[in-house]
Amino acid sequence: MGDVVQMHFTTPDYVIFALLLVASTCIGLFYALSGGRQRTTQEFLLADRSMSCLPVSLSLLATFQSAVAILGAPSEIYTYGTQYWFLGVSYFLGLLIPAHIFIPVFYRLRLSSAYEYLELRFNKTVRIMGTVTFIFQMVIYMGVVLYAPALALNAVTGFDLWGAVLAMGLVCTLYTTLGGLKAVIWTDVFQTIVMFAGQLAVIVVGTHQAGGIGEVWRKSMNGSRIASLDLNPDPTERHTFWTLGVGGVFLMLALYGVNQAQVQRYLSSRTEKEAIMSCYVVFPCQQVVLCLGCLMGLVMFARYGEDSPLDKGFVKTNDQMVLYFVMDVFKDLPGLPGLFVACLFSGALSTISSAFNSLATVTMEDLIKPYCPAMTEAKATLLSKGLALAYGLVCLAMAYIASLMGSVLQAAFSIFGMVGGPLLGLFCLGMFFPWANSIGAIVGLVAGLVMAFWIGIGNFMSRMAAATPLPFMNATAIPMPANMTSTVLSTLIDSVTSKPRPTGVQALYNLSYLWYSAHNSTTVVLVGLIVSLLTGPMKEKDLTPGTVYPVLGNLLFFLPERYREKLCCVTPLPYKPKPIDTQPYQMAQKESNGPTQIKEEEKTEGRDEEEGDEERATPHPSCPLGHTVLETAL
């Protein structure tokens, strides 16, 4: 094994990379100095609920397409073939379900934080538990997603490691703090274009150098990299059609259904219809992104074959191999390596800025606002900006800690990935099962988290005991949505040589990382339902209207009307916001949302009284969502 080969940036590369950072900062400054100048929490945290479909969908995509995905997808395809491409099958249900179930519920309740829903459906304790769980996963991951691409860049090009980390962290903190969610969304749009441009440039130039797309395909076929449909139902198999197409749906739901970073974008849309459309628009974009990653992996294989730079010792990990390939392809084309690095760091910036903004929102809405109901709008906005700044500094501190963790860094990926499933289970428990109560929700969430950490840590320990210590980022970092899956799980499974099929607890430790979200969310729902039934199911009169989606009533359409109505748990009780938590603050929101919003709310308030008696008397045979979710929660 030779020493790691370093290739160096030229002046045009540095210029293009610097332009990315400057452009992102300028977008933040523009929104800090224009429009409402981020003077209200509605504008700072929710972009005044004024965003159109296209920027929201591109922002959703940018958060999904992180630096880990850009580095991980091609190396995954290069190493294992195109089986990973079948993940695209899961995108359909993974976006259709949020579009028609989660978005209508969240949007019509006029939430700012997804975890407000948990208090409306259960109680304050469940809301705080959900918020703290989310903050825990995001804080750990922020440093990792900032440090990992900088480390790969440093290893391949000699680019100053902490220079890259500080430049990204500070620029991201600056435009998120100054420009709020509008700046985050529009920089995401700009960064998405840069990501597409960088990946396309590598594919076009690499394909040309390999002798054309026909030659790339021929070499990939000969090298057995074009995978067929694998219908093996074994859940311990790392990638099959079922793990990718079905397990992947739960991963997508954990991201696009209940993750605050994505929910916040839906809530910033002008109308519910535009929020739903953004899910539909992002679907083909995701397929394009997946195809680009697969193509880059095949072009890499056409260039190097089985004799990879990793085997030759030119790089130390698969993640570095993608950057090595880019520098190799572009060595005679100054400026283009800088474009790809800008593409790579755009992925990191979009993910981190989303984290800053969503963390500031949940901290403000869930942990501060309920205990300071008399806070003025100006003070609340200033505090929100301070929170975004503070989380930016925490991110830099986490990057430093990540640099000290070495191979334990994989455990940080694991911890982040294992939290998404239990949170998804908690929201599903509340939204689909009317009889679930708060005790069931708390016990279910704790059980899901315990199960997730037990399997994840057990997997890690069993691999450490059975194999030699794994080097940092050994094997591929699997590019799952917004990195909601555990990279360490795929990494550890990669190290398994052909052994007899595991049984018992060992089989659980060998579960494919793609089933983790499904397994953990199911644990939350089952435990939550059992505990709810044992402690006394939730009664219809105690439910807040608009918090239950009548999925059982709709699925069981063949049952008599009275049973379906019972399952839907439709309650005619008018929704009254909890005055201690939200009333004074909502008055400030009403002022900040402009005259149009005030008129709409006055209309709905008037209608509520007129329709109250009518709703009580009118049966709901099909239990439509329109009856279970009121038009406003103010």
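Mentor: A residue counts as buried when its relative accessible area is under 20%, and as exposed when that area is over 50%, with partly exposed in between. We shall apply this to a predicted model.

Trainee: Is Phe 432 buried or exposed?
Mentor: Phe 432 has a relative accessible area of 13%. The cut-off for burial is under 20%, so Phe 432 falls in that class: buried.

Trainee: What percentage of the residues in the chain is buried?
Mentor: The chain holds 26 helices and zero strands. Of its 634 residues, the buried share is 62%.

Trainee: Which class of geometry describes the aromatic pair of Trp 85 and Phe 86?
Mentor: The structure holds 20 aromatic pairs. In the pair of Trp 85 and Phe 86, the ring centres lie 5.6 Å apart and the planes stand at 70°. Planes over 60 degrees apart have their own class, so this pair is edge-to-face.

Trainee: Is Trp 85 buried, exposed or partly exposed?
Mentor: Its partner Phe 86 is buried, at a relative accessible area of 13%. Trp 85 has 38% relative accessibility. That value is neither under 20% nor over 50%, so Trp 85 counts as partly exposed.

Trainee: How many residues apart are Phe 102 and Phe 432?
Mentor: These two rings form a tilted aromatic pair, 6.2 Å centre to centre with 55° between the planes. The pair links distant parts of the chain: Phe 102 belongs to helix α5 (residues 88-108) and Phe 432 to helix α17 (residues 409-432), a separation of 330 residues.

Trainee: Which residues form one aromatic cluster with Phe 102?
Mentor: Phe 102 is itself buried, with a relative accessible area of 1%. Its cluster includes Phe 432. Together with Phe 102, the members are Phe 106, Tyr 115, Tyr 117, Phe 134, Phe 427 and Phe 432.

Trainee: How are α5 and α11 oriented to each other?
Mentor: Helix α5 packs against helix α11 (residues 260-267) at about 70°, with the axes 10 Å apart. Pro 98, Ile 103, Phe 106 and Tyr 107 of α5 make the contact with Val 263, Tyr 266 and Leu 267 of α11. An angle of 65 to 115 degrees has its own class, and the two helices are therefore roughly perpendicular.

Trainee: At which residue does α8 bend?
Mentor: Helix α8 (residues 161-210) spans only 32 Å between its end C-alpha atoms, whereas a straight helix of 50 residues would span 74 Å. The helix bends by about 130°, and the site of this bend is Gly 180.

Trainee: How many residues of α8 are buried?
Mentor: Helix α8 is largely enclosed by the rest of the structure. This follows because, of its 50 residues, the number buried is 35.

Trainee: What distance does α12 reach from its first C-alpha to its last?
Mentor: Helix α12 (residues 272-304) has 33 residues, for which 48 Å is expected at 1.5 Å a residue. Just after α12, Gly 305 takes a positive phi of about 65°. The reach of α12 is close to the expected value, at 49 Å.

Trainee: What separates the C-alpha atoms of Ala 210 and Arg 303?
Mentor: Ala 210 lies in α8 and counts as buried at 14% relative accessibility. Leaving aside residues up to four places away in sequence, Ala 210 touches Glu 215, Val 216, Lys 219 and Ala 302. Arg 303 is 93 residues from Ala 210 along the chain, yet their C-alpha atoms are separated by 6.0 Å.

Note on methods
Residues numbered from 1 in each chain as written. Predicted model: local features only at pLDDT ≥ 70, side-chain atom pairs only at ≥ 80, totals over all residues. Heavy atoms only, no water. Helix = DSSP H or I, 4+ residues; strand = E, 2+ residues; numbered from the N terminus. Expected span 1.5 Å × (residues − 1). Bend = angle between axes of the 7 residues up to and from the residue. Buried < 20%, exposed > 50% of the residue type's maximum accessible area, 1.4 Å probe, protein only. Phe/Tyr/Trp six-rings, centres within 6.5 Å; stacked < 30°, edge-to-face > 60°. Axes fitted to C-alpha atoms, helices over the stretch in contact; angles between N-to-C directions. Parallel < 35°, antiparallel > 145°, perpendicular 65-115°, else oblique. Contact = heavy atoms within 4.5 Å.
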